[in-house]
Amino acid sequence: MNSRNRISAIFCFFLGLTVLIKGMRLGLKVDQEMGAGFFPLVAGGILTLLSFILFVQSLMDHGTQGHKEPFWVTPSGWKRVFLTLFATAAYPLLIGHLGFILSTLFLLFFFFKVIARLKWWAVGVGGSVATMCAYLIFEIWLKANLPQGLLGF
Amino acid sequence: METILFAISVALQPINLFFAFIGVVIGTLVGVLPGIGPTAAIALLLPTTFRGDVVSGLIMLAGIFYGTQYGGSTTSILVNIPGEAASVVTCLDGYKMAQKGRAGPALGIAAFGSYIAGTFSIILLTFVAPPLAKLALYFGSPEFTAMAILGLSLLVSLSSGSMVKALMMAAVGLILGVVGVDPARGTPRFIFGIYELEDGIGLAPVAMGLFGISEVLLNVEKSLEEKRETLVGKVKGLLPNLQDWKDSAVAITQGSILGFLIGVIPGGNTIIASIASYTLQKRISKHPEKFGTGVIEGVAAPEAANNAATGGAFIPLLTLGIPTTPVMALLLGAFMIHGIIPGPLLINNNPDIFWGLIFSMYIGNIMLLILNLPLIGIWVKVLKIPYGILFPLIILFCLIGAYTLNNSQVEVGIMVFFGFVGFLMKKFDYEPALLLLALVMGPILEESLRRSLALSGGNLMIFIHRPIALSLLVLAFVSLVSFPMTRAFRKPKIN
Amino acid sequence: MKHQRRIQKSLWVVLGIVLVILTADLGFAAEKFPSKPITLVVPWGPGGRTDIVARMVAPVYEKILGQPVVVVNKAGASGYIGMKSVSTAKPDGYTLLIAGGGLMVLQYTGESKIRWEEFKWIGQIYTAWATVSVNAESPWKTIEEFVDYARKNPMKLKHGNTGYGGTTHLFSEGFSKEAGIKFTQISYKSDGFAATALASKEVDVISSPLSAVRPLMEAGKIKVLALQADKRSPQFPDIPTLKEKGINWAAGTFEGFTVPKDTPDNIVTILESALEKAMKDPGLGESFKKLDIAVEYRNHKDFTVYVEQQDKKYHELLKEAGLIK
């Protein structure tokens, strides 16, 4: 955990510093009132300071290391994580072009087939049923106005 | 007295019972579905109330409001996704309980606690509405500032790991709260040219991403294939047992009282109520270190608080016509469209509406309890669905839910981004709850503080001169100091 | 094996049929306008005045046009998001926007640029005149007393506006200039918050319209000293206007329906006449009265002229208040 703490401490340190500097640029005072930059300055400053403390703590803790837990708990788990993340992120982009029904079908098919590795028939049925249910609940019943795609649905 | 009896009869009319039922069902559904909140649901259904009778329409809308509080806890407990912003705190212990197979008792105590608190707040509403309404007017910008500071100092005691890392998350939350347009002058900060960010980073997408999506990513990492893993191994019991009740008694009591008071104050909302109650419970508990691992009081307290706050929020609305939250503003609109002006005259001019509404709230609470209890069995079965099938549905509902927030893909993007961030945070051992809560408190603090200073002409003494603000600040200081500050200087523990 | 294949095949067939039905069901655009539902975009969140007005007009409009009119909220960036979504929408008459005063201000104060010329202004719906409201317990009983005090004590009185550079800020600045007074401006996020602040005496005066202050007025916490209007309100005939008292100033936020500027004129005419009929609907008039909003209809031609005038007025106000260069 120590090496991880060091990494996250460095990241947060620079994040805090950036916010702090930006805060100063935004201005701390505007006609006797608190300026737009005051809050970012304080928040960024706190983060910078705390990151520094964390970094120092992780250095000091060098001796009392426990067991080393690997970052990725399962050997090829990271592939699944990134695939899932990618699909989830692609969905909102896709939905603007393909519309709700098609995009949802694709998303569910992808998840069921690639990540969960279900058989094709399960993928087909599960995906279609879930898409229809979602459509019913959100579009028809709650009138949520989901986006329509190029094909008009 | 006759009017009250008459009002009871109004509330009990079949048509109004029907509308109350519809309201609570819709509310529960809306609460369970992540993303769509009570505001959207009420706004959508507002026009349908135009044609019908006033009372029926208002009863339905109020039912929706209550229903969402009940429903929101369900997803918080089951899949760690706050179905409704205020249910974030319920995630902390609720989800852990579900993971230990105790989803049933968690859901049960949430339902019962909500019912008790809700009824309690309605009783108080009935009897002490007018004097409490005056309380609302004593709160101005300095008081809100002090409240926000108190809230932030309470956050400190929410952490259960390294103090430094917890505070870092709070700081990040404050930074994220800065994103958007500056509250006083409108200068954009950290927008990066995305004008959807001008109003700041929304709470709901961050909550859904940080808690829900990240959890899915974590679970997906572990193998899903052959074993058809389910979320939880064995399910122990469907309802809270005697021990659970004993543990939760105090939590429900303090949650009801505290939640109600916070609900009455303008600017006090269900989120703050649940945070305050949770932290209070943790402070007075004999085993504070267990909070966050799945203790039932950690569910009972916030659930009671947020339902009590719901009742409390009606007071400023009904007695003064002051809406304290966006949902109340909608209800105010509903009143006014029907030509009814809430305020002291409401009780005199339209006693049937006032009392009818209140009694239907009693009934609504009862309905929700009856509705939710059998559902517990169903929800627990949902948990048994193989995760391979369950997680795509979770992601799908989150994606759709995020979109429906404002018909915008930006919110969805924020949710996915924070899903990834949340995943990393858990890997690097940081707690997301504090980030979220600081995200809520930060903007409130900044806006109120700046306005307080604008009012006083830059003079900080304004806080000393106002007794309520001063006492809240003292409370904040005491809470900070009494919490073992030495923890900050101890090395972080490795479990 | 074969059995499974057959099931798979039939599932694909079912899927195919479902997709075809869905596409067919949605129909294709016929010649007559309107032939499918119309979207009315509200560039603010639900529950606000604009939203409520839109939701009140929509059903009446729907009955006249014969097609569903769906209200959609697209809030954000002080209305820019919703407004931009309509100005860039297909100009086929199926996407409408309800906008007015907010857009006027946004043109100059917003980070991103939008211009009223990007729309065709079908017709005006209402005007919500600003007020001069003070706390019920304050010492001034009439508007004259108030202005008198304000003249003698510049910057002493705190005015609660609904956003820096927003409509109420500008209105109060215009009023101040005509009356020879000066307020200290304190910003709040909405009429509701400003009214609450007035009731709790945090500020001394606000300009929010009648619909916003009515509940607190009835509750006896706020009193309205004057209306920043051309004529008195029929619901509150006792409230004088500033003009009557010698202060030549009137202002109010207005709103109407718009469409993207390239929408064909014949469609605009259809929408316009439907709106005119809708505005004459007595039920709608009643609902507006209950909200203390005045039905004020201007047709396409007049409204466009009016908007141009208002644009200049707001621009002047912003410059004079020193909010823009």
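In the predicted model, C:Pro209 counts as buried, because 29 C-beta neighbours lie inside 10 Å of this residue and the threshold for burial is 20 or more. The residue sits in the loop that connects strand S7 with helix H8 of chain C. When neighbours within four places in sequence are left aside, the contacts of C:Pro209 are with C:Ala128, C:Trp129, C:Ala130 and C:Thr131, and also with C:Gly252 and C:Thr253. A further relation in space links C:Pro209 to C:Ala294, since the two are separated by 85 residues in sequence while their C-alpha atoms are 11 Å apart.

The two elements that flank this loop, S7 and H8 of chain C, recur in the surroundings of helix H7 of chain C, which covers residues 191–199. Helix H7(C) is mostly covered, with nine of its nine residues buried; the buried set runs through C:Asp191, C:Gly192, C:Phe193, C:Ala194, C:Ala195, C:Thr196, C:Ala197, C:Leu198 and C:Ala199. Within chain C, the packing partners of these residues are strands S4 (119–135), S5 (158–161), S7 (205–206) and S8 (222–228), together with helix H8 (210–218). The packing also involves chain B, through helix H14 (326–337). Just after H7(C), the backbone at C:Lys201 adopts a positive phi of about 65 degrees.

Chain C as a whole holds 11 helices and 10 strands, and its C-alpha trace extends over about 95 × 45 × 40 Å along the principal axes. Of its 325 residues, 51% are buried. Among the contacts in chain C that join residues at least 6 apart in sequence, 74% link residues at least 24 apart. The domain assignment divides the chain into domain 1, composed of residues 38–127 and 254–320, and domain 2, composed of residues 128–228. The centres of domain 1 and domain 2 of chain C, taken over C-alpha atoms, are 27 Å apart, and 14 residues of domain 1 of chain C are in contact with 12 residues of domain 2 of chain C. On the domain 1 side of this boundary, the elements of chain C that contribute two or more residues are helix H4 (101–109), strand S4 and helix H11 (300–320). Strand S4 of chain C also belongs to the set of elements against which the buried residues of H7(C) pack.

Chain B contains 21 helices and two strands, and buried residues account for 66% of its 495 residues. Of the contacts in chain B with a separation of 6 or more, 81% are made between residues 24 or more positions apart. Two residues of chain B that are not glycine nevertheless take positive phi values: B:Phe190, at about 55 degrees, and B:Asp429, at about 65 degrees. B:Phe190 is placed in the loop between strand S2 (188–189) and helix H10 (203–221) of chain B, and its 19 other C-beta atoms within 10 Å make this residue partly exposed. B:Asp429 is located in the loop between helix H18 (409–427) and helix H19 (432–456) of chain B and is likewise partly exposed, with 17 other C-beta atoms within 10 Å.

The confidence of the prediction for chain B averages a pLDDT of 80, and 90% of the residues score at least 70. Residues 485–495 of chain B, by contrast, stay under a pLDDT of 50, and the model has 12 contacts beyond four places in sequence for this stretch. Where pLDDT is low, the predicted coordinates should not be read in detail.

Chain A is divided into domain 1 (2–60) and domain 2 (77–141), and the centres of these two domains of chain A, taken over C-alpha atoms, are separated by 40 Å. Helices H1 (residues 2–26) and H2 (residues 38–60) of chain A have axes that come within 7 Å and cross at roughly 160 degrees. H1(A) and H2(A) are therefore roughly antiparallel to each other, as angles over 145 degrees are counted in that class. The crossing in which H1(A) passes H2(A) is left-handed.

Note on methods
Residues are numbered from 1 along each chain as its sequence is written. Chains are lettered from A and ligands numbered from 1 in the order in which they are written. This is a predicted model: local features need pLDDT of at least 70, side-chain atom pairs count only at pLDDT 80 or more; totals for chains, interfaces and linings use all residues. Domain bounds come from an automatic or database domain assignment. A residue is buried if 20 or more other C-beta atoms lie within 10 Å of its own, exposed if 12 or fewer, and partly exposed in between; C-beta atoms are placed from the backbone. Helices (H or I, at least four residues) and strands (E, at least two) are DSSP runs, numbered from the N terminus. Two residues are in contact if their C-beta atoms, placed from the backbone, lie within 7 Å. pLDDT is the predictor's confidence in each residue, from 0 to 100. Axes are lines fitted to C-alpha atoms, for helices over the stretch in contact, and angles run from 0 to 180 degrees between N-to-C directions. Angles under 35 degrees count as roughly parallel, over 145 as roughly antiparallel, 65 to 115 as roughly perpendicular and the rest as oblique. A crossing is left-handed if the near helix is turned anticlockwise from the far one by less than a right angle, and right-handed if clockwise.
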